[in-house]
Amino acid sequence: MNPARVIGLAGWSGAGKTTLLSRLIPLLAARGVKVATIKHAHHAFDVDHPGKDSYVHREAGASEVIVSSSRRWVQIHEIGAEREARLGELLRRLSPCDLVIVEGFKRDVHAKLEVHRAANGKPPIYPNDPRIVAVASDQPFTDAPVPIVDLDAIARIADLVLALSEPLETALAHLEGPWPS
């Protein structure tokens with residue numbers, strides 16, 4: 001797969017998006033797909049902790065901190081009073097890969113696979129979002145206009161993710177173009 005393709009996992013909190021990702025990524029990697037992820041958080045979060053140098057640098061007022069080792073590097077960018085980064089801006093910051101899976105950003109206009117769990121008591125998103133291209137659920141939706149797959153059918157979900165993801169440039173055109181009204 002090249003160039004990079006993009007698909008989101010969208011769903012209500014508690015639907016199992018992160019659990020699905022943790023099962024999906026190893027399967028895709030075993031198929032030779034280099035996967036990157038972008039995760040949306042609805043709150044303040046830390047990847048560095050009190051007592052760590054990165055935390056001290058950030059708390060001292062550094063607007064950006066990069067921590068690097070022989071195994072990984074991470075970049076922390078403080079936005080302060082600036083607006084939250086848009087998904088298109090984050091996609092442009094990624095290193096080359098085959099597939100980007102976006103967790104969250106459910107209101108954005110990229111291709112998305114909905115993760116739906118009946119126990120949540122929330123309605124499915126797909127009827128009101130034309131960018132939902134498939135649904136992974138623990139309940140059938142016989143009248144859905146998109147493919148429906150069982151939440152535990154990880155290989156089938158991987159097939160759908162690969163088939164229905166969109167080229168990065170297409171995703172960026174949707175995300176950076178005029179917002180739908």
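Is Asp 159 buried, exposed or partly exposed? Asp 159 turns out to be partly exposed, with a relative accessible area of 36%. Keep in mind that this is a predicted model. Here's a quick tour of its charged pairs, its aromatic pair and a couple of loop residues worth a look on screen.

**Salt bridges**

- The structure holds 8 salt bridges, including the three described here.
- Asp 159 pairs up with Arg 31, their side chains meeting at 2.8 Å, N to O. Arg 31 sits in the loop between helix H1 (17-30) and strand S2 (35-39), while Asp 159 belongs to helix H4 (residues 154-164), so this bridge ties together parts that are 128 residues apart in sequence.
- Like its partner, which is partly exposed, Arg 31 counts as partly exposed, at 38% relative accessibility.
- Arg 131 makes a salt bridge with Glu 166, and their closest N and O atoms are 2.5 Å apart. Arg 131 is in the loop between S6 and S7 and Glu 166 is in strand S9 (residues 166-167), so the pair links parts 35 residues apart in sequence. Both of these residues are buried.
- Glu 89 and Arg 83 form another salt bridge, with 2.5 Å between the closest N and O atoms. Glu 89 is partly exposed at 32% relative accessible area, and Arg 83 is partly exposed at 43%.

**Aromatic rings**

- There's 1 aromatic pair in the structure. Tyr 126 and Phe 141 make it up, arranged edge-to-face at 5.5 Å centre to centre, with 70 degrees between the planes.
- Tyr 126 comes from the loop between strand S6 (112-116) and strand S7 (132-137), and Phe 141 from the loop between S7 and strand S8 (148-150), so the pair ties together parts 15 residues apart in sequence.
- Both partners count as buried: Tyr 126 has 11% relative accessibility and Phe 141 has 13%.
- Trp 12 has a charged visitor: Lys 122 lies over the face of its ring, 5.2 Å from the ring centre.

**Loop residues to check**

- Phe 105 is in the loop between strand S5 (99-103) and S6. Its phi is near 50 degrees, a positive value in a residue other than glycine. Most residues other than glycine have a negative phi. Phe 105 is also buried, with a relative accessible area of 10%.
- Asp 129 is found in the loop between S6 and S7, and it's buried at 11% relative accessible area. Setting aside neighbours within four places in sequence, Asp 129 is in contact with Lys 106 and Lys 112.

Notes:
Residues are numbered from 1 along each chain as its sequence is written. This is a predicted model: local features need pLDDT of at least 70, side-chain atom pairs count only at pLDDT 80 or more; totals for chains, interfaces and linings use all residues. Side-chain values use heavy atoms; hydrogens and water are left out. Rings of Phe, Tyr and Trp (its six-membered ring) pair if their centres lie within 6.5 Å; planes under 30 degrees apart count as stacked, over 60 as edge-to-face and the rest as tilted. Helices (H or I, at least four residues) and strands (E, at least two) are DSSP runs, numbered from the N terminus. Buried means under 20% relative accessible area, exposed over 50%, partly exposed in between (1.4 Å probe, protein chains only). A charge sits over a ring if NZ of Lys or CZ of Arg is within 6 Å of the ring centre and within 35 degrees of the ring normal. Contact means heavy atoms within 4.5 Å. A salt bridge is a side-chain nitrogen of Lys or Arg within 4 Å of a carboxyl oxygen of Asp or Glu.
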